[in-house]
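User: Hi! Could you walk me through this one while I have it open?
Analyst: Sure, happy to. Ask away.

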Amino acid sequence: MGDNGKDIYLPAAAEVVRVEQMTKQEKFFEFRLASGKPLGHMPGQFAEVSLPGIGEAPISISSSPTSGDTFEMVVRQVGNVSGAMHRLEPGDEVGVRGPFGTTFPVDGELKGRDLLFICGGIGLVPVRSAINYVLDKRGDYGKVTVLFGAKTPGDRLFVDELAALDGREDVEFLETVDDTCGEKWNACVGVITMLFEKIEVSPESTTSIICGPPVMYKFAIMGLHEMGFTDDRIYVSLERRMKCGVGKCGHCQINGLYTCQDGPVFRYSDVAEVREAI
Ligand SMILES: Cc1cc2nc3c(=O)[nH]c(=O)nc-3n(C[C@H](O)[C@H](O)[C@H](O)COP(=O)(O)OP(=O)(O)OC[C@H]3O[C@@H](n4cnc5c(N)ncnc54)[C@H](O)[C@@H]3O)c2cc1C
Ligand code: FES
């Protein structure tokens, strides 16, 4: 049993409400628990999604808990479970265990702070939950800056929401792609850290949240250090292979840390010295 009295090994049934192809590899899903209750997550958490006879995979929850009783996910097709999820249609059912893991402290120490979100590729998926939470309670936070980097224009997720962010006066939004691949593109070209010189943030009043491909963390953190950020003002969301999701099997261990329970969201100062964490 979990702390809330729920059996942590027993999946709850959830119905597919909406499916959309987002990019060549990624599909968007909206789910509703058969119980009609909200999933009860906070930004940064994940759930184990299962399909009978196929398996189970940890997937980040991309919607904000402020957005209603359904919850949203984005799945990249890479293997058995994600492949089967890509064949789902509205009305189909999946099993869901969770929510699990640590959260971006949007209701705690991030309140009142300026926020700098740094999202690379599919790293936007879990961070979107925090961004939308913050925007739904905009008055509780200071300056909000969002940086997004994708490989190519065609790999960008949530394009309408990115355009909406760009149009907001209370958010500074900048994006870049590694390569335009010949597509029409009016924004920056280059790695996400190139955007650092275009923004004005005060390291004393700002907390940064980073999620992206493994190679991005090292360079983003180096850039933040150069700007004057200390490690305790940086949060990272880390991904590791997981099985149980609840601290029992050890699959997700990084030198004694269980990514499923101690993470996936870590304060960087807690993992900076942990070998192989970043
Ligand atoms: C906290 C968390 C959040 C996540 N959020 C998302 C999300 O929002 N969206 C999303 O699409 N994915 C997400 N993932 C990743 C997702 O869980 C994995 O890609 C998962 O493996 C997909 O399951 P599958 O059965 O489709 O693929 P698998 O059959 O597990 O295969 C996936 C890929 O990994 C390789 N692989 C398989 N086993 C191993 C192994 N033991 N060691 C190394 N490589 C292996 C395979 O060859 C294949 O290329 C998340 C993972 C974690 C831990
Ligand atoms: S996934 Fe089993 S201990 Fe973390």
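User: Let's start with helix 2. What covers its buried residues?
Analyst: The cover over the buried residues of helix 2 includes strand 4, strand 5, strand 7 (114–120), strand 8, strand 11 and strand 12. Keep in mind that this is a predicted model.

User: Noted. How many residues of helix 2 are buried?
Analyst: The count is 10 of its 13 residues, so helix 2 is mostly covered. The buried ones include Leu-124, Val-125, Pro-126 and Val-127 at the start of the list, and also Arg-128, Ser-129, Ala-130, Ile-131, Tyr-133 and Val-134.

User: And what about the length of helix 2, from its first C-alpha to its last?
Analyst: Helix 2 runs over residues 124–136 and reaches 17 Å, close to the 18 Å expected at 1.5 Å a residue.

User: Nice. Strands 4 and 5 came up in that cover. Where do they stand in their sheet?
Analyst: Both are at the edges: strand 4 (55–60) and strand 5 (71–76) each have a single partner strand, so one side of each has no neighbour in the sheet. That sheet is open, with 6 strands in the order 4-3-6-1-2-5 and antiparallel pairing. From one strand to the next, the twist averages 40 degrees.

User: Which residue of strand 6 is opposite Ala-13?
Analyst: Gly-95 in strand 6 is the one opposite Ala-13. Strand 1 (residues 12–21) and strand 6 (residues 93–100) are an antiparallel pair, joined over 4 bridges.

User: Switching topic: where are the cis peptide bonds I should look at?
Analyst: One joins Gly-98 and Pro-99, with omega at about 10 degrees, and Pro-99 belongs to strand 6, which we just discussed. Another joins Gly-263 and Pro-264, where omega is about 10 degrees. Pro-264 sits in the loop between strand 14 (257–258) and strand 15 (265–267).

User: OK, strand 15. What does strand 12 do with it, parallel or antiparallel?
Analyst: Strand 12 and strand 15 pair in the antiparallel sense, over 3 bridges. In that pairing, Tyr-235 stands opposite Arg-267 in strand 15.

User: And how does strand 12 pair with strand 11, parallel or antiparallel?
Analyst: With strand 11 (residues 206–211) the pairing is parallel, over 3 bridges, and Ile-210 is opposite Val-236 in strand 12. To get from strand 11 to strand 12 the chain passes through helix 4 (residues 214–227), a β-α-β crossover that is right-handed.

User: Which way do the strand 12 side chains point?
Analyst: Ile-234 and Val-236 point one way from strand 12 (residues 234–237), while Tyr-235 and Ser-237 point the other way. In a regular strand, side chains alternate between the two faces of the sheet. Here the residues on both sides are buried.

User: Last thing: which residues other than glycine have a positive phi?
Analyst: Phe-158 is one of them, with phi near 50 degrees, and Asn-255 is another, with phi near 45 degrees. Phe-158 is in the loop between strand 8 (144–150) and helix 3 (159–167). Asn-255 is in the loop between strand 13 (253–254) and strand 14.

User: Why does Phe-158 count as partly exposed?
Analyst: Because Phe-158 has 19 C-beta neighbours inside 10 Å, and a residue needs 20 or more to be buried.

User: And Asn-255, buried or exposed?
Analyst: Asn-255 is exposed, because it has 10 other C-beta atoms within 10 Å and the cut-off for exposed is 12 or fewer.

Technical notes: Residues are numbered from 1 along each chain as its sequence is written. Chains are lettered from A and ligands numbered from 1 in the order in which they are written. This is a predicted model: local features need pLDDT of at least 70, side-chain atom pairs count only at pLDDT 80 or more; totals for chains, interfaces and linings use all residues. Two strands pair if DSSP finds at least two bridges between them. Helices (H or I, at least four residues) and strands (E, at least two) are DSSP runs, numbered from the N terminus. Axes are lines fitted to C-alpha atoms, for helices over the stretch in contact, and angles run from 0 to 180 degrees between N-to-C directions. A crossover is right-handed if, with the strands pointing away from the viewer, the path from the first strand over the helix to the second runs clockwise. The expected span of a helix is 1.5 Å times one less than its number of residues. Two residues are in contact if their C-beta atoms, placed from the backbone, lie within 7 Å.
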